[in-house]
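Open the model in your viewer and set it to a cartoon view. We will walk through it one selection at a time.

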Amino acid sequence: MTTIRIFVTGGTFDKEYNELTGELFFKETHLPEMLQRSRSTLDITVRTLMMIDSLNMTNEDRELIAHQCRNTHEDKIVITHGTDTMSVTAKVLAEKVPNKTIVITGAMIPYKFGSSDGFFNLGNALAFAQTLAPGVYVAMNGRAFNWDNVRKNKQTGQFEELH
């Protein structure tokens, strides 16, 4: 059975709502709960690298993600990530991590809200990681996009091809 590594970096996927302040915040990743609820039988190892909004992600953070991807023994990797800068991280990974299938995914609505697209995106990312050729992809809205041909349309809240 193929082993898949999931690296958690934060993003809307893992945000929670503070009812007193009305603010979103990070507590801990929801990935183990999501995998359990989805009844996944895949061989998956989850590791949290950081819990940050992708707008606050630095070059050093992206270097850490690339380093972890290069040095993990698994060659199928899913990364949960904030949607605003997925393509920036994807570019770094495409340049620095050869010969692995890396799928970056996220959510427009936090998992804890109940109406999140995170479950759907995570399931797709896991399927794409098992079936796509080595390379770097973004999995959102039921599609897998090549890292260099995707953008987030901020008007529609959907991901689309550049051309």
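## Starting at a parallel pair

Begin by selecting residues 3-10, which make up strand β1; this strand and β4 run parallel and are joined by seven bridges. To see how the two line up, show Arg5 as sticks and look across to β4, where Thr45 stands opposite. Keep in mind as you go that this is a predicted model.

Now add the helices around this pair. Select residues 59-71, helix α2, which lies across β1, β4, β5 (76-80) and β6 (101-105). Its direction is at about 165° to that of β4. Next take residues 118-131, helix α4, which packs on the sheet and touches β1, β4, β5, β6, β7 (135-140) and β8. The direction of α4 makes about 170° with that of β6.

## The whole sheet

Colour the strands you have met so far and turn the model until they line up. In what order do the six strands of the open sheet come? Reading across, the order is β4-β1-β5-β6-β7-β8, and the pairing is mixed. At the edges you find β4 (43-52) and β8 (143-146), each of which pairs on one side only. Look along the sheet as well: neighbouring strands are turned against each other by 25° on average, direction ignored.

## A stop inside: Val8

Go back to strand β1 and select Val8, which lies in it. Is Val8 buried or exposed? Val8 is buried, with a relative accessible area of 0%.

Show what surrounds this residue. Leaving aside neighbours within four places in sequence, the contacts of Val8 include Asp14, Thr29, Leu31 and Thr80. Also among them is a run of residues, Val46, Arg47, Thr48, Leu49, Met50 and Met51. For a link between distant parts of the chain, draw a distance from the C-alpha atom of Val8 to that of His81: the two residues are 73 apart along the chain, yet these atoms are separated by 7.0 Å.

## Along β6, β7 and β8

Move across the sheet to β6 and β7, which pair in the parallel sense over five bridges. Select Val103 and you will find Tyr137 of β7 standing opposite. Now bring α4 back into view: β6, α4 and β7 together make a left-handed β-α-β unit.

Stay with β7 for a moment and switch on the surface. Why is β7 largely enclosed by the rest of the structure? Five of its six residues are buried, so the strand has the rest of the structure around it.

On to β8. Strands β7 and β8 run antiparallel and are joined by four bridges. Two partners to pick out are Ala139 with Ala144 of β8, and Val138 with Phe145 of β8. While you have these strands on screen, remember that side chains in a regular strand alternate between the two faces of the sheet.

## Two asparagines in loops

The strands β7 and β8 form a hairpin with two residues between them. Select Asn141 in this turn: its phi is positive, about 55°, although it is not a glycine. Asn141 counts as partly exposed because its relative accessibility is 28%.

Then jump to Asn99, in the loop between α3 (86-96) and β6. This residue also has a positive phi, near 65°, and is not a glycine. At 68% relative accessibility, Asn99 counts as exposed.

## Stepping back

Finally, clear your selections and view the whole chain. How many helices and strands does the chain have? There are four helices and 10 strands. Followed along the sequence, they give the pattern β-β-β-α-β-α-β-α-β-α-β-β-β-β.

Rotate the C-alpha trace and you can follow its span of about 45 × 35 × 30 Å along the principal axes. A compact globule with 163 residues would have a radius of gyration near 15 Å, and the 15 Å of this chain agrees with that. Of the 163 residues, 48% count as buried.

Turn the surface on once more to see what the chain exposes, about 8300 Å², with 47% supplied by carbon and sulfur atoms. As for contacts with a separation of 6 or more, 63% are between residues 24 or more positions apart.

Definitions and conventions. Residues are numbered from 1 along each chain as its sequence is written. This is a predicted model: local features need pLDDT of at least 70, side-chain atom pairs count only at pLDDT 80 or more; totals for chains, interfaces and linings use all residues. Side-chain values use heavy atoms; hydrogens and water are left out. Two strands pair if DSSP finds at least two bridges between them. Axes are lines fitted to C-alpha atoms, for helices over the stretch in contact, and angles run from 0 to 180 degrees between N-to-C directions. Contact means heavy atoms within 4.5 Å. Buried means under 20% relative accessible area, exposed over 50%, partly exposed in between (1.4 Å probe, protein chains only). A crossover is right-handed if, with the strands pointing away from the viewer, the path from the first strand over the helix to the second runs clockwise. The radius of gyration is taken over C-alpha atoms; the globule rule is 2.2 Å times the number of residues to the power 0.38. Accessible areas come from the Shrake-Rupley method with a 1.4 Å probe; for residues, only the protein chains shown count as cover.
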